[in-house]
Amino acid sequence: MSVGRKFALMIRGLIISYAVTALMLLALAFCVFKFRLGESVTDVAIIGIYVLVTFLGGLITGKKVKEQKFLWGLLLGVFYIGIISAVAMIIGHTFHVESTASLTTAALCIGGGLLGGMLS
């Protein structure tokens, strides 16, 4: 399988990850509204959603690629957090590279994609 085909499969996994993210964040927004969840609970839930969907994306990508699955899962995690960070910067939220929370979230997303790829 060519690298271009593998990259296309990774992009497909990334799109699925973002679609699932949108649905899960919508459900979280409903829960925040309905149950008046606090900010700390919401922050943990958002990070959990990010990790879960990168794991799912890595799993989907790894099953399709079938070679160097861990690498393609890792790339999916890198692209996922990279795009989220870029969009956050564009809409005005800052992404502080020196922030421990930002680095931890990035590492968890990359690790989620990597683990998904490895277990596929």
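This passage describes the helices, the nonpolar core, the aromatic pairs and some backbone angles of a predicted model.

The core comes first. The largest nonpolar core holds 15 residues. Among its members, Y50, Y80 and C109 touch the most others. Four helices supply at least two residues each: α1 (3–35), α2 (39–65), α3 (69–90) and α4 (100–119). The most comes from α3, which gives five residues. In soluble globular proteins, nonpolar side chains tend to be buried together.

Y80 deserves a separate description. Its relative accessible area is 0%, so Y80 is buried. Neighbours within four places in sequence are set aside in what follows. Y80 is then in contact with L14, S17, Y18, T21, Y50, V53, T54 and C109. Two of the residues named here, Y50 and C109, join Y80 as the core members that touch the most others.

Helix α3 contains further buried residues. They are W72, G73, L76, G77, Y80, I81, I84 and S85. These buried residues pack against α1, α2 and α4. The length of α3 was checked against its residue count. At 1.5 Å a residue, its 22 residues should span 32 Å. The end C-alpha atoms of α3 are 31 Å apart, which agrees. Just after α3, G92 takes a positive phi of about 110°.

Helix α4 was examined in the same manner. With 20 residues at 1.5 Å each, α4 should span 28 Å. Its end C-alpha atoms lie 28 Å apart, in agreement with that value. The buried residues of α4 are S102, T105, A106, C109, G112, G113, G116 and G117. Around the axis they cover an arc of only 130°, so they sit on the same side of α4. An α-helix has 3.6 residues a turn, so residues three or four places apart point the same way. The face of α4 turned away from this buried side carries T100, M118 and L119, which are exposed. The cover over the buried residues of α4 includes α2 and α3.

One residue of α2 was also followed. T42 lies in helix α2. Its relative accessible area is 16%; because buried means under 20%, T42 counts as buried. Not counting residues up to four places away in sequence, T42 touches L28, V32 and L37.

Aromatic rings were considered next. A search of the whole structure finds three aromatic pairs. One of them joins F7 and F79. Their ring centres are 5.8 Å apart and their planes stand at 70°, so the pair is edge-to-face. This pair links distant parts of the chain, with F7 in helix α1 and F79 in helix α3. The two residues are 72 residues apart. F7 has a relative accessible area of 36% and is partly exposed. F79 also counts as partly exposed, at 32% relative accessibility.

Another pair is formed by Y18 and Y80. Here the ring centres are 4.7 Å apart and the planes are at 15°, so the pair is stacked. Y18 lies in helix α1 and Y80 in helix α3, so the pair ties together parts that are 62 residues apart in sequence. The two partners differ in burial. Y18 is partly exposed, with a relative accessible area of 24%, whereas Y80 is buried at 0%. Ring pairs also link Y18, Y50 and Y80 into a cluster.

Backbone angles complete the description. Most residues other than glycine have a negative phi. Two residues in the loop between α2 and α3 depart from this sign: K66 and Q68. The phi of K66 is near 70°. K66 counts as exposed, at 64% relative accessibility. Q68 has a positive phi of about 50°, although it is not a glycine. At 47% relative accessibility, Q68 counts as partly exposed.

Methods: Residues are numbered from 1 along each chain as its sequence is written. This is a predicted model: local features need pLDDT of at least 70, side-chain atom pairs count only at pLDDT 80 or more; totals for chains, interfaces and linings use all residues. Side-chain values use heavy atoms; hydrogens and water are left out. A nonpolar core is a set of buried Ala, Val, Leu, Ile, Met, Phe, Trp, Tyr and Cys residues joined through side-chain atoms within 4.5 Å. Buried means under 20% relative accessible area, exposed over 50%, partly exposed in between (1.4 Å probe, protein chains only). Contact means heavy atoms within 4.5 Å. The expected span of a helix is 1.5 Å times one less than its number of residues. The arc is that of the directions from the helix axis to the C-beta atoms. Rings of Phe, Tyr and Trp (its six-membered ring) pair if their centres lie within 6.5 Å; planes under 30 degrees apart count as stacked, over 60 as edge-to-face and the rest as tilted.
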